[in-house]
Structure formats: C-alpha cells, structure tokens
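Let's take a walk through the charged side chains of this protein and see who pairs with whom. Have the structure open and follow along.

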Amino acid sequence: PSSTPLNASDRRGKGARTRLFPHPANGGYYLLRAGEWVEVDKGFHKAISNFIKKKVRVEPCEAGFKGIDISDDAAKKNLEGKFNAEVVVRKPTAILFDRAKLQIGAGRKDKEFCDILDMTHDGGIRIIHCKPHKDASSINYLFSQAKFYCDAFLRDDVFLKEIREFINNPPCSQKGAYLSYIRDNIDEIRGNDYVVCLWLLYNEKEKCPKKENIPLISQFELKLMHDHLRRHCKFKDVILRFVPVKVKTYTSIKKPGATT
C-alpha cells in the first residue's frame, strides 16, 4: 500500500466504514478505504496522537447528568434529543437549542447553534454540543457542527440576532442574564468569553471511552475543530466529556417474504 496522510476525501462520507489497523511488522498503521489498504503517514499519525495526548482536555461527566434514559419505546430508538431535554429539566437555567430553527446569513432557517446553552455558577456561558459515541460518522458530525456554529456565532449578524430572539422566547428565569452577556452587537462577541463543551453519550453499562480510542479520522476532525476554535476564534476553552446514559437494545422482526 502507498504511504499517504489523510485528506478531506478520507474524512467525508466514509467515517462509519473506515477503520485504523496497526501493522505488527513495521509498526505502521493502515486504513481499509474503499476496498484498498492505504498506509497512514507515520509523521501525520504521530502529530495527531501528540495533539490528542497534550492538547485535548477531558473532564469527568457532571454527576447531575449521569444515567439519563435516552430510550424511546415508541420510536424503538435511543434518542439524543431525550438527553438534551432532560438536561434542561434538571438544570432549568439552561436553554435548549436542540432542533431550533435559526438562520445564518441568507441561508435557510434550519440551524441550531448548539444543543444546550448553559450559564455556569460563576456567571460564564458554555456552549454544549452532544452526540452519541457510536461511530466515526457521528463523532465527526459533533466536531464539525461545533466548529461551524461557533464560528458563525462570532461573525454572522443574522445568526446572532436569531440566537438572541430564541433566548428571549423560552420561559427561562435567567434569560435577562443571557441577553446581557450575549450583546446584540457582533463586534462585542468575543470567543474568550465562552467555553465550548463536547459531550459524547455512551452506554453506562460499558466502560467509559478514552480520548485515545476515538477513531483516527475523528481525532483529525477534532484537531481541525480545536485549532480553529482556540487559535483563530480564541474561545476560552474546548472541553470533551464522556457522558454515561441508559440505553436499550431494540430489534426489528422481518415478516416472512418482506423485502427491503
């Protein structure tokens, strides 16, 4: 196989089907991509590993948000939305942005900003993005979504206006404090006033994942996001948490003769 670093085509649309395999003979790593073995450049792999080890900050899950049941028997699925909704129930001062329909620039009114906006006890605000910890595709989406929305928050007047209007609508006892913090002038929105949180939800019956075990392609996406938000947007911090949740295993039974 040829030696090559990952590029944009490696990490778009193939995350769930791409795995990293160590080679015991030469100490290298290989990707099985589109039916072909491709060697990952050793320098690239080392740079990503060093970044994950030294730069990615992981904090324990907060006790109050452990063990939330995300199973939905009617839909026969485990739903991230159930987790987000319950977090706001447990902390009424937080604001649920999950499934919000906001606009960026002249685009469609179909953006979220984040899953949960939370004012901390010290008066700061953290922007929380959540996704299930299941495969590279889901994890990549978490990181790319955080990068896109947080960048737009600092730069887009329309998006800022939409965010403030959304905050003003729900019955949150602290909305005045949020609106005082998030000014209506885009020039006054500074990244270093905010913390970005990335929450990966995992089955509480399983061992807590580790940042080093995130798929390599997702580690690369995490580095792109982290570098952009910290170096260019100057956000105060980017924090990763693994959050244990209650899930159910749902199975479907095919009727004889049914086709798909």
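Which residue forms a salt bridge with Asp227? Keep in mind that this is a predicted model. The partner is Arg231, and the closest N and O atoms of the two are 3.9 Å apart. That sits just inside the picture of a salt bridge, because the cut-off is 4 Å. Both residues belong to helix α6, which covers residues 216–232, and they are four residues apart, about one turn of the helix. Their surroundings are not alike: Asp227 is buried at 16% relative accessible area, whereas Arg231 is exposed at 56%.

That pair is local, so to speak, but what about pairs that reach across the chain? Take Lys248 and Asp73, which form a salt bridge with their closest N and O atoms 3.1 Å apart. Here distant parts of the chain are linked: Lys248 is in the segment after β15, Asp73 is in the loop between β7 (71–72) and β8 (77–78), and 175 residues separate them. Both ends count as partly exposed, Lys248 with 38% relative accessibility and Asp73 with 45%.

Now look at Arg241, whose side chain meets that of Glu62 in a salt bridge at 3.7 Å, N to O. This is another link between distant parts of the chain, with Arg241 in strand β15 (residues 237–246) and Glu62 in the loop between β5 (57–58) and β6 (68–69), 179 residues apart. Arg241 is buried, at 6% relative accessible area, while Glu62 is partly exposed at 26%.

Arg241 and Glu62 also lead us to something wider. They are part of a network of salt bridges that links them with Arg57, Glu59, Lys91, Asp118, Arg126 and Asp237.

Within that network, Asp118 is worth a stop. You'll find Asp118 in strand β12, residues 116–119. Buried or exposed? Asp118 counts as buried because its relative accessibility is 1%, and the limit for buried is under 20%. Its side chain makes a polar contact with the side chain of Lys91 at 2.8 Å, and another with the side chain of Arg126 at 2.7 Å. Leaving aside residues up to four places away in sequence, Asp118 also touches Ala94, Gly124, Ile125, Ile128 and Tyr178, besides Lys91 and Arg126 themselves.

To put these pairs in context, a search of the whole structure finds 19 salt bridges.

Key. Residues are numbered from 1 along each chain as its sequence is written. This is a predicted model: local features need pLDDT of at least 70, side-chain atom pairs count only at pLDDT 80 or more; totals for chains, interfaces and linings use all residues. Side-chain values use heavy atoms; hydrogens and water are left out. Helices (H or I, at least four residues) and strands (E, at least two) are DSSP runs, numbered from the N terminus. Buried means under 20% relative accessible area, exposed over 50%, partly exposed in between (1.4 Å probe, protein chains only). A polar contact is a pair of N or O atoms within 3.5 Å; within protein, one must be able to donate a hydrogen and the other to accept it, and residues adjacent in sequence count only if both atoms are side-chain atoms. Contact means heavy atoms within 4.5 Å.
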